[in-house]
Amino acid sequence: MSYQESNSTWISARLRCKLWRVSVRLRAAIAVTFIAPLLLFANSNMVIGSAQEPTLGREQEQLASVPSGFSETLVASGIASPTAMAFAPDGRLFVCEQGGALRVIKNGALLAAPFVTITVNSAGERGLLGVAFDPAFANNNSVYVYYTATSPTIHNRVSRFTANGDIAVPGSEVVILDLNNLSSATNHNGGAIHFGPDGKLFIAVGENANGANSQTLGNLLGKVLRINSDGTIPSDNPFFNTATGNNRAIWALGLRNPFTFDFQPGSGRIFINDVGQNTWEEINDGIAGSNYGWPDTEGSTTDPRFRSPLFAYTHGSTETTGCAIAGGAFYNPPVQQFPSEFVGDYFFADLCSGWIRRFHPISGTADGFATGVSSPVDLKVSTDGSLFYLARGSGSNTGVVFKIQHTASQAPSISVHPANQTVSAGSSATFTVQASGAPPLSFRWQRNGADIPGATASSFTLQSAQLSDDGALFRCVVSNAFGSATSNEARLTVVANQTPTATITQPAAGTLYTAGQTINFSGTGSDPEDGNLPAAAFTWRVDFHHDDHIHPFLSPTSGITSGSFVVPTTGETSANVFFRIHLTVSDSGGLQNSTFLDVRPRTATITLTTNPSGLRLTLDGQPQTAPIVFVGVVGMIRTIGTPSPQTLSGRQYVFKSWSDGGTQTHNIVTPAANTTLTARFRRSK
């Protein structure tokens, strides 16, 4: 999912970043706890920046670019931080919102009432993360979900609910499986769940930002699990006789954050998407008992202990690279709508780069399909052969579901209609339409049914709207050589009310932080008509920026003028990250104004060496050859170590000591100054 201004907690966003617990103290007689990521940034001299954002209106859903002969249509919008979706056997589409609501799309409309709203911990990448339907749903109405439970301790859980139409039966929750307690790190939760062709429930679980979890049969983290629908464990699981207790549910291990996977209809083959760390995103062949190598390896490997991915792509921001694989769906529908060359292909998406590609299992290669998707998190193929994608968008309630279809006709089709706008007198109002069809497309805007001279682009802006413009209706006629289509009308509302002003007063510009430090935030809001705005008019949001994408960790919180959070000392190890604190204020007339302020960390460069040089070390559990040079946030805890004995140039060496006096494997607190640490060895006798 690029992640411009998106929510992707994730996923994984909200997927790759290592987030951890932050205690939030909100000074309005309200106590709140949320999760924050550890921030690292390569250039500690960069100044905190702030920017004023314009009056907020409903964000226009963004149309992706799809191949010629395909069109896409908006199915639903206004979904809050979506994470996953699944089709019910009766055709309804269920969508998980990270905050705990399971929404239902029925007959092409998003129902107002959720199927169920679950109490979840939604910090970082936690929350409601997966949904699946019992193969016997038509008879038992059983719906399964994967979510982060809040009691008795924070942990991920699989539960079953009973459906009564579009609503879950009150009190019908049955806990199927409680996973291991989570650490303060809030990332790498996995969450995808699917029933396999054998009727067993498969569960993808992240390693909770601790690579050591992936290689042990002593817990369920960093694994794919396989259980019966009632939570019991099948005796034919590959580790049933070697693991104990619930760990006998382990079906495959060595995974980092398997956020999505899919079964191929007909063959039952399973592809597992594993979100990588610094270099590779993987599509793995799901085979019972396999070890996929994390954290010892990432991407292809020749190590006979591990299974290499079928396909991997590197990190970057192009149409073939990304940062977080976040969707997977085989194209084997009952009704084949796409051309025959698509049958058997595997669609996958990237959260950060915003594309959808197709992997060809026979050749082992991949081709592009769609671009310009705003933070995709899931893909599904419907029974009629359409490809659906779920995207988080760039705000707190900008999640969308789009449907991509293959069309015989190339006449225009309106994908996204212009939205109603409310502006203050003297402000501009912009209307936008999105359409698909054979190029070139031409646009003709109309006001109250009459053409607007010169309005021939996909967007039309009315400069300096006046009270006399109130109630005007705007629509667009889209044409090409095959025909035309007319959008719905959008209404312009113009009010005399003036826009309020939001100001962040704390932290001060230029403030740098150290891991473990408390960051206080506060602000003011004023309005020409209302004067100083009360706390009820304030909404705060904090996002975690990593490379070119975003993971939200403090969801929109209203009713306070100030608060604070503590940056923990463990978590994300990337150097290219920062916090962005957002403040939005609303006046009594409903107009809004937003601003934001960026906060960056103090950093230091750490060099790890060996004596003699060239021996192997481990940094946070990952093996590397010395020297290792990395940038870290001052105060952050890292784990360094070295194997012993080692052989170099035919000579054997054993560990003697670290220059800081630490044990062979030990934690260090990133110091305020650049530092070199050396592991000393001696020749073995």
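Which backbone nitrogen does the side chain of Asp378 reach? In this predicted model, the side chain of Asp378 reaches the backbone nitrogen of Met85, at a distance of 2.9 Å. Asp378 belongs to strand 27, which spans residues 376-381, and with a relative accessibility of 5% it counts as buried, because the limit for that class is under 20%. When neighbours within four places in sequence are set aside, the contacts of Asp378 comprise Ala84 and Met85, then Thr260, then Ala326 and Gly327, and finally Phe388, Tyr389 and Leu390. Met85 thus appears both among the residues in contact with Asp378 and as the residue whose backbone nitrogen is reached by the Asp378 side chain.

Cysteine residues were examined next. A search of the whole structure finds one disulfide, which is formed by Cys323 and Cys352, with the two sulfur atoms 1.7 Å apart. The bond links distant parts of the chain, the two cysteines being 29 residues apart: Cys323 is placed in the loop between strand 22 (311-314) and strand 23 (325-330), whereas Cys352 is placed in the loop between strand 24 (346-350) and strand 25 (356-360). Both partners are classed as buried, Cys323 at 5% relative accessibility and Cys352 at 1%. Two further cysteines, Cys96 and Cys476, are also buried, each with a relative accessibility of 0%.

Aromatic side chains provide a further set of contacts. The search of the whole structure finds 37 aromatic pairs, including the pair of Phe271 and Tyr346, whose ring centres are 5.0 Å apart and whose planes are inclined at 75 degrees, an edge-to-face arrangement. Phe271 lies in strand 20 (residues 270-274) and Tyr346 in strand 24, so the pair ties together parts of the chain that are 75 residues apart in sequence. Phe271 and Tyr346 are both buried. These two residues also take part in a cluster linked by ring pairs, in which they are joined by Phe311, Tyr313, Phe330, Phe348, Trp355 and Phe359. Strand 24, which carries Tyr346, is also one of the two strands that flank the loop holding Cys352.

Among the strands, an open sheet of four has the order 15-16-17-18, and its pairing is antiparallel. Strand 15 (193-195) and strand 18 (250-253) form the edges of this sheet, each pairing on one side only, and the twist from one strand to the next averages 20 degrees. Within the sheet, strand 16 (residues 201-205) and strand 17 (residues 223-227) are paired in the antiparallel sense over five bridges, and Ile203 has Leu225 of strand 17 as its bridge partner. Elsewhere, Ser77 is located in strand 4 (residues 70-79) and is partly exposed, with a relative accessible area of 26%. The C-alpha atom of Ser77 is separated by 29 Å from that of Glu281, a residue 204 places away along the chain.

The backbone was then considered. Most residues other than glycine have a negative phi, and most peptide bonds are trans. Against this background, the peptide bond from Gln506 to Pro507 is cis, with omega near 5 degrees, and Pro507 lies in the loop between strand 40 (501-506) and strand 41 (512-513). A cis peptide bond also joins Ser644 and Pro645, with omega about 5 degrees, and Pro645 is found in the loop between strand 53 (637-641) and strand 54 (646-648).

Positive phi values occur at Asn107 and at Ser649, neither of which is a glycine. For Asn107, phi is near 55 degrees, and the residue is placed in the loop between strand 7 (101-106) and strand 8 (109-110). The relative accessibility of Asn107 is 75%, so this residue counts as exposed, the limit for that class being over 50%. For Ser649, phi is about 55 degrees, and the residue is situated in the loop between strand 54 and strand 55 (651-658), where Ser649 is likewise exposed, with a relative accessible area of 74%. Strand 54 therefore borders both the loop that contains Pro645 and the loop that contains Ser649.

Methods. Residues are numbered from 1 along each chain as its sequence is written. This is a predicted model: local features need pLDDT of at least 70, side-chain atom pairs count only at pLDDT 80 or more; totals for chains, interfaces and linings use all residues. Side-chain values use heavy atoms; hydrogens and water are left out. A disulfide is a pair of cysteine sulfur atoms within 2.5 Å. Buried means under 20% relative accessible area, exposed over 50%, partly exposed in between (1.4 Å probe, protein chains only). Two strands pair if DSSP finds at least two bridges between them. Axes are lines fitted to C-alpha atoms, for helices over the stretch in contact, and angles run from 0 to 180 degrees between N-to-C directions. A polar contact is a pair of N or O atoms within 3.5 Å; within protein, one must be able to donate a hydrogen and the other to accept it, and residues adjacent in sequence count only if both atoms are side-chain atoms. Contact means heavy atoms within 4.5 Å. Rings of Phe, Tyr and Trp (its six-membered ring) pair if their centres lie within 6.5 Å; planes under 30 degrees apart count as stacked, over 60 as edge-to-face and the rest as tilted.
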